[in-house]
Amino acid sequence: MAKHYNRKFVNEIIGTLKKNGFECTPGKKDKNKFKISKENGPLTIIHSGESCYHELRRFLKSTYNFDLEALL
């Protein structure tokens, strides 16, 4: 049985970030983790899933002044 892969998170959140110039690269071993940064700025590593949404939203707002909720 294959591991769970959260497609909704990847398609909606990661897709939106990529369209807005963010670099979103999956982890080498664990494809459920993503490294997110923009133009060599601060980097955050998040787990793909709804539980990390608010942490990611706060990071983007405080670091890059990027409102993720306005685009979804």
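User: What makes Leu60 a contact partner of residues beyond its neighbours within four places in sequence?

Analyst: Contact means heavy atoms within 4.5 Å. Leaving aside those neighbours, Leu60 is in contact with Leu17, Phe22, Asn65, Phe66 and Leu68. This is a predicted model, in which local features need pLDDT of at least 70 and side-chain atom pairs count only at pLDDT 80 or more, while totals for chains, interfaces and linings use all residues. Residues are numbered from 1 along each chain as its sequence is written, and side-chain values use heavy atoms, with hydrogens and water left out.

User: Why are Leu60 and some other residues of α2 called buried?

Analyst: A residue is buried under 20% relative accessible area, exposed over 50% and partly exposed in between, with a 1.4 Å probe and protein chains only. Tyr53, Leu56, Phe59 and Leu60 are the buried residues of α2. What covers them includes α1, β2, β3 and α3 (68-71).

User: How do you know where these buried residues lie around the axis of α2?

Analyst: The arc is that of the directions from the helix axis to the C-beta atoms. Down the axis of α2 the buried residues fall within an arc of 130°, so they line one face of the helix. The face turned away from the buried side carries the exposed residues Arg58 and Ser62. An α-helix has 3.6 residues a turn, so residues three or four places apart point the same way.

User: Why is α2 called a helix, and what span is expected of it?

Analyst: Helices are DSSP runs of H or I with at least four residues, and strands are runs of E with at least two, numbered from the N terminus. Helix α2 (residues 53-64) has twelve residues, and therefore satisfies that rule. The expected span is 1.5 Å times one less than the number of residues. From first C-alpha to last, α2 reaches 16 Å, close to the 16 Å expected.

User: What makes a set of residues a nonpolar core, and which have the most contacts inside the largest one?

Analyst: Such a core is a set of buried Ala, Val, Leu, Ile, Met, Phe, Trp, Tyr and Cys residues joined through side-chain atoms within 4.5 Å. The largest has 17 residues, and Phe9, Leu17, Ile36, Leu56, Leu60 and Leu68 have the most contacts inside it. The elements giving two or more residues are α1, β2 and α2, and the largest share, five residues, comes from α1.

User: How do you know that β2 and β3 pair?

Analyst: Two strands pair if DSSP finds at least two bridges between them. Four bridges join β2 (residues 33-37) to β3, therefore the two strands pair. Lys35 stands opposite Ile45 in β3.
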